[in-house]
Amino acid sequence: MAALAYTRGRREINQYFSVSSAKGLALAAVLLLAAGHAALRHYPGHDSCEHLLSSGRFLGEKVWQPHSCMMHQYKVSEAKNCLIEKHIAFIGDSRIRQLFYSFVKIINPQFKEEGNKHENIPFEDKISSVKVDFLWHPEVNASMKQCVKLWTEEPVGKPHVVVAGAATWSIKTHNGSDEALAQYKTNITSLAPLLEKLAKTSDVYWVLQDPVYEELLSENRRMITNEQITAYNEAAISVLNGSAKNAKSRVKVFRVSQLIAQETIMESVDGLHLPESSRETSAMILMNVCCNKVVRPIDGSCCQPPSAPALTQKLAAGFFGLSIAGCLILHLVHRHGHRRSRPCADVEAGEEKKAAPAASACPSEVVLQSCCKLGLIMAYFYLCDRADLFMKENKFYTHSSFFTPIIYILVLGVFYNENTKETKVLNREQTEEWKGWMQLVILIYHISGASTVRVPSDAELSGYGHFSYFWIKGDFGIHRVCQVLFRLNFLVVVLCIVMDRPYQFYYFVPLVTVWFLVIYITLALWPQITQKKANGSCFWHLGLLMKLASLLVCICFLAYSQGAFEKIFSLWPLSKCFEMNGNVYEWWFRWRLDRYVVFHGMLFAFIYLALQKRQVLSEGKGEPLLPNKMSNVLLFVSVVSFLTYSVWASSCKTKAECNELHPAVSVVQILAFILIRNIPGYARSVYSSFFAWFGKISLELFICQYHIWLAADTRGILVLIPGNPMLNITVSTFIFVCVAHEISRITNDLAQILIPKESAALWKRLACMAGFFSALLLLSSIRGEHRR
């Protein structure tokens, strides 16, 4: 009854909500969100730089998240490169001095907070010619005004960046009187025009006063109340915002330190000065404001205008634009033809004449429609991760953000289960299920900021699947190779052009592509040994084992000979595919991590198919794979091995130690999982249709997440709906899955047309593709020369 109710319920859902309707809803959501974000850009105060200076929240205790953009954590080398030959001046009281110290420590962490606190403090890094000064002016008075005036009158030598602020000293020395506040407003009114004039040539920031923790204030500071702080800040804002007549003030108000202080002032030692972690956050915000335009970090979207599109991106935009225009024209032509062939009434018979049935779309129309859809999808990719239309935020890990979705998908995966069509080991439904749940776990790892997770199981299935196909079918033709390579690489090649990223950036695709070619070459080289040939003589089994042994020797040699590996993949044009940041180390590192997994998949496939051929295994429905005693022993050993690996992986002391042992021990975990999943007959007979559905588009999900689910090339999170993280992740996930599914369909449609079975047509297409990639290499070389 439960199964019948489940089946009926699913049919009813499918009747009203299909994949096509879901994609239509996703398209409508994208258009509405894009229009909304575009409209927001025209309102004042919605610039990412202003958000960085004025708003944000803490993720956890110490991680500051600006509203709508990502903040980069600057290293010493980055800060020095940004501020080379720059002069930064901090002018104000003890709180500004604190900010000065924290800012300088980003440039030089060894800088000591020593010397007379009520004096000017200089800092200079002679190597990078960075000069940072603190000027002691605790009150907004004639002394501060004179200092700023001298800068405005100097043709050279004025600071590139000025950070100013003061008020608490005035409150303290005048015992919080109303006359002192009025004088402060008068003084800042006379100072504001000079700051505005200085801001024409320098970046000027006025730091508002942070709140105090009144309970900790000493007796001589009791008059510095939060009420007084608010009054002085309001006076400063009203004057500075009105200093530029009929125009926006060039002096930027640094409000964000107030928000930081509200959360952390309780940790203050004296109730007035902020704890060191809060000062460091404010200094890092200031560094982002100054340097993001110069350094252009991937994970620093605040205050960073979008990059100008490269030539290849412009060409791609032109191609997709023409495709969309052609598709619209084709649609209009078909609509006009449909109107002309509309059924008309037969007056004599009193019936309608039926129109001729619509002809199926020709291949050229399918290609044009696919390119049109792909063009719209790529526009969304570009808007999400290359334009500044949508917002981005930093990742932050919490146990709830990781385990809650894990439990949720586990429940759904168990609930949506069905019987398999066959009960063989690693049958089609089971491998799709495996890909699906593994991909969902990877996605949750990435978006929660838990860790960088490896994907050895996908490589294992790749080795198992491709070996099984070549061994059983014996099909070593060029058509099969081209089909696989096209399906693996189509999306990545398009993204390399549209998103202006190297091929190795999408590291998983190069990895499985190279391993597919390794499997193909190993089995296609003379002598070609297939299952049909091996059935006649055990000699051929020995020959295949010798091939596999030779492959293992090559793997071990390249794994422990980095120089030889790098020489091979540094050869042109391989270097263009596998280089990252000018070298192939990243490629060698990633290949080396899972170097035995594909080989293990091939070896497992060979042993399993050999045992299956000799009818050693019982693969009937509900039957254990092996005799009961042997099955129980193997199942027990597998569970223990799996748990032991999990404990080791979670308690590994250093990342280097884990990476060194992972290649050898990961294959044990994978084998244990295969046996646990397949030894019991009831486990082989069912699969999760929920996980299997995602497994069919696992490759597209893995690649698409880089730009339309995550952001800043996976370093952040895309924000479509600000202010509501749960709703945002729900909507962005829905759109992301719909896009991945549509790309999978487009890839399959194009693969059928662009990779024909006829040899003559296929070689012509391959020649065209070779010309296309040659043009890409030429453009890449020209661009590289221009950069030099």
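1. Ser249 is found in this predicted model in the loop that runs between helix α9 (226–241) and strand β8. With a relative accessibility of 15%, Ser249 counts as buried, since the cut-off for that word is under 20% relative accessible area. Its side chain is joined to the side chain of Glu196 by a polar contact of 3.1 Å, and a polar atom of the Ser249 side chain also lies 3.2 Å from the backbone oxygen of Leu240.

2. Strand β8, which follows that loop, belongs to an open sheet of 6 strands, and a student tracing the sheet from one side to the other should meet them in the order β4-β5-β3-β6-β7-β8, with mixed pairing. The two edges are formed by β4 (121–125) and β8 (252–254), each of which pairs on one side only. From one strand to the next, the twist averages 15 degrees.

3. Within this sheet, how do β3 and β6 pair, in the parallel or the antiparallel sense? Strand β3 (residues 87–92) and strand β6 (residues 161–165) run in the parallel sense and are paired over 5 bridges. One place to look is Ile91, whose bridge partner in β6 is Ala164. Helix α8 (residues 178–198) packs on the sheet, where it touches β6 and β7 (203–207), and the direction of this helix makes about 160 degrees with that of β7.

4. Turning to the cysteines, the count comes to 3 disulfides, where a pair of sulfur atoms must lie within 2.5 Å to be included. In one of them, Cys49 and Cys303 have their sulfur atoms 2.0 Å apart, and the link is right-handed, with 100 degrees about the S-S bond. Cys49 sits in helix α3 (residues 48–54), while Cys303 sits in the loop between α11 (276–295) and α12 (311–340), so this pair ties together parts that are 254 residues apart in sequence. Both Cys49 and Cys303 are buried.

5. Cys69 and Cys302 form another disulfide, with 1.9 Å between their sulfur atoms. Because the torsion about their S-S bond is about 90 degrees, this disulfide is right-handed. Cys69 comes from the loop between β2 (63–66) and α4 (76–82), and Cys302 from the loop between α11 and α12, so the parts tied together here are 233 residues apart in sequence. Cys69 is buried, as is Cys302.

6. A further disulfide joins Cys82 and Cys291, whose sulfur atoms are 2.0 Å apart. What is the handedness of this link, left or right? The torsion about the S-S bond is about -95 degrees, so the disulfide of Cys82 and Cys291 is left-handed. It links distant parts of the chain, with Cys82 in helix α4 and Cys291 in helix α11, 209 residues apart. Cys82 and Cys291 are buried as well.

7. Two cysteines without such a partner deserve a separate check. Cys577 is in no disulfide, and the nearest cysteine sulfur, which belongs to Cys496, is 8.8 Å away. Cys577 is partly exposed, with a relative accessible area of 30%. For Cys738, the closest cysteine sulfur is that of Cys704, and the 12 Å between the two sulfur atoms is too far for a bond. Cys738 counts as buried, at 11% relative accessibility.

Terms used. Residues are numbered from 1 along each chain as its sequence is written. This is a predicted model: local features need pLDDT of at least 70, side-chain atom pairs count only at pLDDT 80 or more; totals for chains, interfaces and linings use all residues. Side-chain values use heavy atoms; hydrogens and water are left out. Two strands pair if DSSP finds at least two bridges between them. Helices (H or I, at least four residues) and strands (E, at least two) are DSSP runs, numbered from the N terminus. Axes are lines fitted to C-alpha atoms, for helices over the stretch in contact, and angles run from 0 to 180 degrees between N-to-C directions. Contact means heavy atoms within 4.5 Å. Buried means under 20% relative accessible area, exposed over 50%, partly exposed in between (1.4 Å probe, protein chains only). A polar contact is a pair of N or O atoms within 3.5 Å; within protein, one must be able to donate a hydrogen and the other to accept it, and residues adjacent in sequence count only if both atoms are side-chain atoms.
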